[in-house]
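Trainee: Could we go through this model together, one feature after another, with the criteria stated as they come up?
Mentor: Yes, put your questions in order and I will answer each in turn.

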Amino acid sequence: MRADTTSSNVVFVIPPMFHIYGLLFTTLYIPCSHGTVVMQRRFNFDDMLNALPIYQVNSICLVPAILTKLLKHPNLDRTKLITIRTVSC
């Protein structure tokens, strides 16, 4: 599936979406705001980092453990994060 890169709001979310915040956010808020959702079938940290610049993701919704891993990653190529404007946790 290809993301709609003309959308002003491209959001990367992580599975599973079993909790109410994730379910409401991805099924109601993003489509109603004409945004694009980028989501992996199964979460993989390195694949997430590679997907951010490919899909020009400008918002990410992460759980605290993954956000901490992202911030403390020793070999993180910060150019992969250049399109990110908003981080939700």
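The conversation below goes from the overall layout to the sheet, the core and some single residues.

Mentor: Before we begin, note that this is a predicted model, in which local features need pLDDT of at least 70 and side-chain atom pairs count only at pLDDT 80 or more, while totals for chains, interfaces and linings use all residues. Residues are numbered from 1 along each chain as its sequence is written, and side-chain values use heavy atoms, with hydrogens and water left out.

Trainee: In what order do the elements of the protein chain run from the N terminus on?
Mentor: Helices (H or I, at least four residues) and strands (E, at least two) are taken as DSSP runs and numbered from the N terminus. On that basis the protein chain has three helices and four strands. Read from the N terminus, their order is β-α-β-α-β-α-β.

Trainee: In what order do the four strands stand in the open sheet?
Mentor: Two strands count as paired if DSSP finds at least two bridges between them. Strand β1 (residues 10–13) is joined to β2 by four bridges, and β1 also pairs with β3 (residues 59–61) over three bridges, in the parallel sense. The four strands form an open sheet with parallel pairing, and their order is β2-β1-β3-β4.

Trainee: Which strands are at the edges of this sheet?
Mentor: An edge strand here is one that pairs on one side only. That description fits β2 (36–39) and β4 (86–88).

Trainee: Which residue stands opposite F12 in β3?
Mentor: On the β2 side of β1, V11 stands opposite V37 and V13 stands opposite M39. Across from F12, in β3, the residue is I60.

Trainee: Which residues of β2 point to one face and are buried?
Mentor: Buried means under 20% relative accessible area, exposed means over 50%, and partly exposed lies in between (1.4 Å probe, protein chains only). In β1 both faces are covered, with V10 and F12 buried on one side and V11 and V13 buried on the other. Along β2 the side chains alternate, so that V37 and M39 point to a face where they are not buried, whereas the buried ones on the other face are T36 and V38.

Trainee: Which element gives the most to the largest nonpolar core?
Mentor: A nonpolar core is a set of buried Ala, Val, Leu, Ile, Met, Phe, Trp, Tyr and Cys residues joined through side-chain atoms within 4.5 Å. The largest one has 18 residues, of which F12, L52, V57, I60, L62 and L70 touch the most other members. Two or more residues come from each of β1, α2 (45–54) and α3 (64–72), and the element that gives the most, with five residues, is α2.

Trainee: Which residues does V57 touch, not counting those up to four places away in sequence?
Mentor: Contact means heavy atoms within 4.5 Å. By that criterion, V57 touches V10, V11, F12, V38, A51, L52, T83 and I84.

Trainee: How far apart in space are P53 and I82, C-alpha to C-alpha?
Mentor: P53 has its place in helix α2 and is partly exposed, with a relative accessible area of 35%. I82 lies in the loop between α3 and β4 and is exposed, at 68%. The two are 29 residues apart in sequence, while their C-alpha distance is 7.7 Å.

Trainee: What value is phi of Q56 near?
Mentor: Most residues other than glycine have a negative phi, and most peptide bonds are trans. Q56, in the loop between α2 and β3, is partly exposed, with a relative accessible area of 44%. Its phi is positive, in a residue other than glycine, and is near 50°.

Trainee: How far is the charged end of K69 from the centre of the ring of F45?
Mentor: A charge sits over a ring if NZ of Lys or CZ of Arg is within 6 Å of the ring centre and within 35 degrees of the ring normal. The charged end of K69 sits over the ring of F45, and its distance from the centre is 4.7 Å.
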